[in-house]
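Hi everyone, thanks for making the time today. I'd like to walk you through a structure that may be new to you, so please have a look at it with me.

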Amino acid sequence: MNYAETLGARAKTAELAIATATPQTKNHALAAIAKALMEKQDEILAANEIDLKAAQENHMISSLQDRLRLTESRIIGMADAVQQLIATEDPIGSVDCGTMRPNGLQILKTRVPLGVIGIIFESRPNVTVDAATLCLKAGNAVILRGGKEAIHSNKKLTEIMRTAVVSVGLPADIIQLVEDTSHETAADMMRLKGYLDVLIPRGGAGLIQAVVRQSSVPVIETGAGNCHVYVDACLHGEADYEMAVRIIDNAKTQRPSVCNAIEGLLVHESVAEKLLPMVQTALHTHNVTIYGCEKTRAILGDEIQTATEKLYDTEFDDYKITVKVVKDIDEAMAHIARYGTKHSECIITRDLDAAQKFQRGVDAAAVYVNASTRFTDGGEFGYGAEIGISTQKLHTRGPMGLYELTTIKYLIQGDGQIRE
C-alpha cells in the first residue's frame, strides 16, 4: 500500500462517522475550527512566512504571491466564513421530492454525502480551510493536496483543524493533507478508485487537464478561468462607454489572480476607436500589460504588444490582458467558443436581442449582461461558501456549495409489496 492509498484507507475508515454525524456535531466541529484559527494566528502566519520567503526566492510573480499570502485580516475572514457555514442549512437528510405509488410504496429522494472527496489545488492556503469545512458540513471526508508553494501553511492549517474536530468527538482523519507534494504522489492520488468517490481539481487549466487525463476517479472540473468581456456595437452615449470601462477595469484588476477575472477583451469595430483609449487609460493605472490584435495596435499604438494564438489561450492570473477588435457578435462568440474555459463571459450592450443571443449562445457556467464577471462566486450569488466554480455540466455547474457536495439516495418504505 503506497502513501496515497494509506490516506485513502484512513478516510474510508472515518467516512461513516462524518456521514452519520448530526448537524449539531458538525456545527460544533466547525465552531471549534473557527475558534482555533483565531487563537493560532501567530502560528499560521509564521508558517505562511516560510512559504512566502521561498516564493520570493523562487521569483514567483506578485499576483501569485498575493494568492499565497495570509494576513491577520485574511485569517479573520477564514474564521468568519466558517462561522457563516455554521448558520447555513444542512442539506444532509433533506428531501428533494417524494411520491406515493399506486401500490402503496412511499419513495423519498433524499440528500446524502458524496463520501470521500479528493481536492487538488494550487497555492491558495485559504482553500485548505474552505474545502475542509465545506466537506465537513456536507458530511464528507476529504483528502487535500495543495501545491508545494503553500506546504507549510497547509500543514499548520490542517493540524489545527484535525485537533479541533477531535475535540468534539469526530475522527481526525475526516480531514487529511497529502504532505508529500511530489508528482508521483499526486499521480497515485488520481488512481485512488475505491477510496475516493470524486476528485476536484481547483486551479489553472494545466492542473485541471492533467487531472482529467490521468485520473481513474470521477472528476469535477473547477477553476480554469479564461473569461472575456465583449463590448457590442450598441452603446447609447457617454454613460454607456463609462459603464463599459468600469466593468472591464473591475473584471481585470479588482483581483486578477482569481478564476472569475477576465483575461480577454473583445470590442466591436464600430466602438473600438472611442472605447479602447478609455480602457487603456483605466488599465494603465494598474500597470496592466495589453496584448492587442493589429487593429488594436493601430488604434492604441506600437507600445501595445502583439497578441498571439498562445496568448489568447492563456489564463494569466496577472495584470495582463488580450484585446481583439471584432466585426460583429458572431466573431466574438466564435472567439469565446475557441478560447474560453466555460467559466464566466460578459456582453456589454443596450441591444436586448444581442444580449439574449449572447446569453443563449455562449456555453459557460455564468453569462453576464452589463456586469462584471467577478460576481461568479457562491457568496455573491447568495448560496454561501463554495469549493470552486464547476465549468462542466455533470454532476454540477457553476458555484459548488454544500448542496453540490451531496448526491441522491432513494428511501423506499413498503408494507410487504412484491413486484408481479
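I'll begin with the overall picture and then visit a handful of places along the chain.

One thing to keep in mind from the start: this is a predicted model.

So, the whole protein. The secondary structure comes to 15 helices and 16 strands. If you put a box around the C-alpha atoms along the principal axes, the box is roughly 75 × 65 × 35 Å. Is that what a compact globule would give? Let me put it as a proper question: what radius of gyration does the protein have, and what would a compact globule of 420 residues have? The protein has 23 Å, and a compact globule with that many residues would be near 22 Å, so the two agree.

Now the inside. Of the 420 residues, 53% count as buried. And if we take contacts between residues at least 6 apart in sequence, 72% of them join residues at least 24 apart.

Let's zoom in on a pair of helices. Please find H3, residues 41-57, and H7, residues 151-166; their axes come within 7 Å of each other and cross at roughly 160 degrees. Because an angle over 145 degrees counts as roughly antiparallel, H3 is roughly antiparallel to H7. Who is doing the touching? On the H3 side we have Glu43, Ile44, Ala47, Asn48, Ile50 and Asp51, and they meet Ile151, His152, Ser153, Lys156, Leu157 and Ile160 on the H7 side. The residues of this contact are a mixture: six are nonpolar, three are polar and three are charged.

Let's stay in H7 for a moment, with Asn154, which lies in that helix. Is Asn154 buried or exposed? Its relative accessibility is 1%, so Asn154 counts as buried. The side chain of Asn154 has a polar partner there: it makes a polar contact with the side chain of Thr128, at 2.6 Å. Leaving aside neighbours within four places in sequence, Asn154 is in contact with Phe121, Pro125, Thr128, Gly146, Gly147 and Leu177.

One of those names, Gly146, leads us to another helix. Ala186 is found in H8, residues 183-189, and the C-alpha atoms of Ala186 and Gly146 are separated by 9.8 Å, with their positions 40 residues apart along the chain. Ala186 counts as buried, at 8% relative accessibility.

Next, let's step back along the chain to Ala29, in helix H2, residues 23-39. At 0% relative accessibility, Ala29 counts as buried. Not counting residues up to four places away in sequence, Ala29 touches Leu136, Val165, Val168 and Leu170. For a sense of distance across the model, try going from Ala29 to Glu345: they are 316 residues apart in sequence, and their C-alpha atoms are 38 Å apart in space.

Now for a strand. Ile290 has its place in E9, residues 289-292, and Ile290 is buried, with a relative accessible area of 8%. Which residues does Ile290 touch, not counting those up to four places away in sequence? They are Gln280, Leu283, Ile304, Gln305, Ile321 and Val323. You can also look from Ile290 across to Tyr319: the two are 29 residues apart in sequence, and 8.8 Å apart from C-alpha to C-alpha.

I've kept some backbone details for the end. As a reminder, most residues other than glycine have a negative phi, and most peptide bonds are trans. Here are some places that go the other way.

Asp317 has a positive phi, near 55 degrees. Asp317 lies in the loop between helix H13 and strand E11, and with a relative accessible area of 10%, Asp317 is buried.

Lys342 also has a positive phi, near 65 degrees. Its loop runs between helix H14 and strand E12. Is Lys342 buried as well, or partly exposed? At 35% relative accessibility, Lys342 counts as partly exposed.

Finally, the peptide bond. Leu394 and His395 are joined by a cis peptide bond, with omega about 0 degrees. His395 sits in the loop between strand E14, residues 389-390, and strand E15, residues 398-399.

That's my tour. Thanks for listening, and do turn the model around yourselves.

Methods:
Residues numbered from 1 in each chain as written. Predicted model: local features only at pLDDT ≥ 70, side-chain atom pairs only at ≥ 80, totals over all residues. Heavy atoms only, no water. Axes fitted to C-alpha atoms, helices over the stretch in contact; angles between N-to-C directions. Helix = DSSP H or I, 4+ residues; strand = E, 2+ residues; numbered from the N terminus. Parallel < 35°, antiparallel > 145°, perpendicular 65-115°, else oblique. Contact = heavy atoms within 4.5 Å. Nonpolar A, V, L, I, M, F, W, Y, C, P; charged D, E, K, R; others polar. Buried < 20%, exposed > 50% of the residue type's maximum accessible area, 1.4 Å probe, protein only. Polar contact = N/O pair within 3.5 Å; in protein donor to acceptor, adjacent residues only side chain to side chain. Rg over C-alpha atoms; globule rule 2.2 N^0.38 Å.
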